[in-house]
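Let's take a walk through this one together. Have the viewer open and follow along as we go.

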Amino acid sequence: MNELILLFIGVSAYLAPVAIVHSSKRTRGHEKNGWLIATLLFSWLTLLLYFSMIPKEGIYAEKEKKSRTRRR
């Protein structure tokens, strides 16, 4: 029984970054798919890179801000 609990904790810890990236609104489309694949392969390392490289409000929000300022 203890082995089963330890296995469950280990699998949950491995899949937690995948769930975090999947539910994040920082990226969309193929970019999110790339991050999900990388997270499956490298788990926590990729999650740290994801949070350090992608802006908090997301890339698409940043593009919209730039296009709004150009219209004025």
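**Starting from a tryptophan**

Put Trp-35 in the middle of your view: setting aside residues up to four places away in sequence, it touches Val-21, Thr-27, Thr-46, Leu-49, Tyr-50, Met-53 and Ile-54. Keep in mind that this is a predicted model. Which residues make up the largest nonpolar core? There are seven of them: Val-18, Val-21, Trp-35, Leu-36, Leu-47, Tyr-50 and Ile-54. The elements that each put two or more residues into this core are H1 (2–23), H2 (29–42) and H3 (44–53). As a general backdrop, nonpolar side chains in soluble globular proteins tend to be buried together.

Now zoom out. The protein has four helices and zero strands, so reading from the N terminus you get α-α-α-α. Of its 72 residues, 22% count as buried. The accessible surface comes to about 5800 Å², and carbon and sulfur atoms hold 67% of that. If you take the contacts with a separation of 6 or more, 55% of them link residues 24 or more positions apart.

Back to H2, the helix that carries Trp-35. A quick sanity check on its geometry: at 1.5 Å a residue, its 14 residues should span 20 Å, and the end C-alpha atoms are indeed 20 Å apart, so the two agree. Which residues of H2 are buried? They are Lys-32, Trp-35, Leu-36 and Thr-39. These cover an arc of only 105 degrees around the axis, which means they sit on the same side of H2. Their cover includes H1 and H3. Spin the helix around and the other side shows His-30, Ile-37, Leu-41 and Phe-42, which are exposed.

H3 can be read in a similar way. Its buried residues are Thr-46, Leu-47 and Tyr-50. Their arc around the axis is only 105 degrees, so they too end up on the same side of their helix, H3. These buried residues pack against H1 and H2. On the face of H3 turned away from its buried side you'll find Leu-45, Leu-48 and Ser-52, which are exposed.

Don't skip the loops, though, since a serine in each of two loops is worth a click. Ser-24 lies between H1 and H2. Is Ser-24 buried or exposed? Its relative accessible area is 11%, which is under the 20% cut-off, so Ser-24 counts as buried. Its side chain makes a polar contact with the side chain of Tyr-50, at 3.0 Å. Tyr-50, remember, is also one of the core residues. Beyond residues up to four places away in sequence, Ser-24 touches Lys-32 and Tyr-50, and Lys-32 belongs to the buried set of H2.

The other serine is Ser-43, in the loop between H2 and H3. Ser-43 follows H2 and has a positive phi, near 45 degrees. With a relative accessible area of 7%, Ser-43 is buried. What does Ser-43 contact, leaving aside neighbours within four places in sequence? The answer is Ala-13, Tyr-14, Pro-17 and Ala-38.

Conventions: Residues are numbered from 1 along each chain as its sequence is written. This is a predicted model: local features need pLDDT of at least 70, side-chain atom pairs count only at pLDDT 80 or more; totals for chains, interfaces and linings use all residues. Side-chain values use heavy atoms; hydrogens and water are left out. A nonpolar core is a set of buried Ala, Val, Leu, Ile, Met, Phe, Trp, Tyr and Cys residues joined through side-chain atoms within 4.5 Å. Buried means under 20% relative accessible area, exposed over 50%, partly exposed in between (1.4 Å probe, protein chains only). Contact means heavy atoms within 4.5 Å. Accessible areas come from the Shrake-Rupley method with a 1.4 Å probe; for residues, only the protein chains shown count as cover. The expected span of a helix is 1.5 Å times one less than its number of residues. The arc is that of the directions from the helix axis to the C-beta atoms. A polar contact is a pair of N or O atoms within 3.5 Å; within protein, one must be able to donate a hydrogen and the other to accept it, and residues adjacent in sequence count only if both atoms are side-chain atoms.
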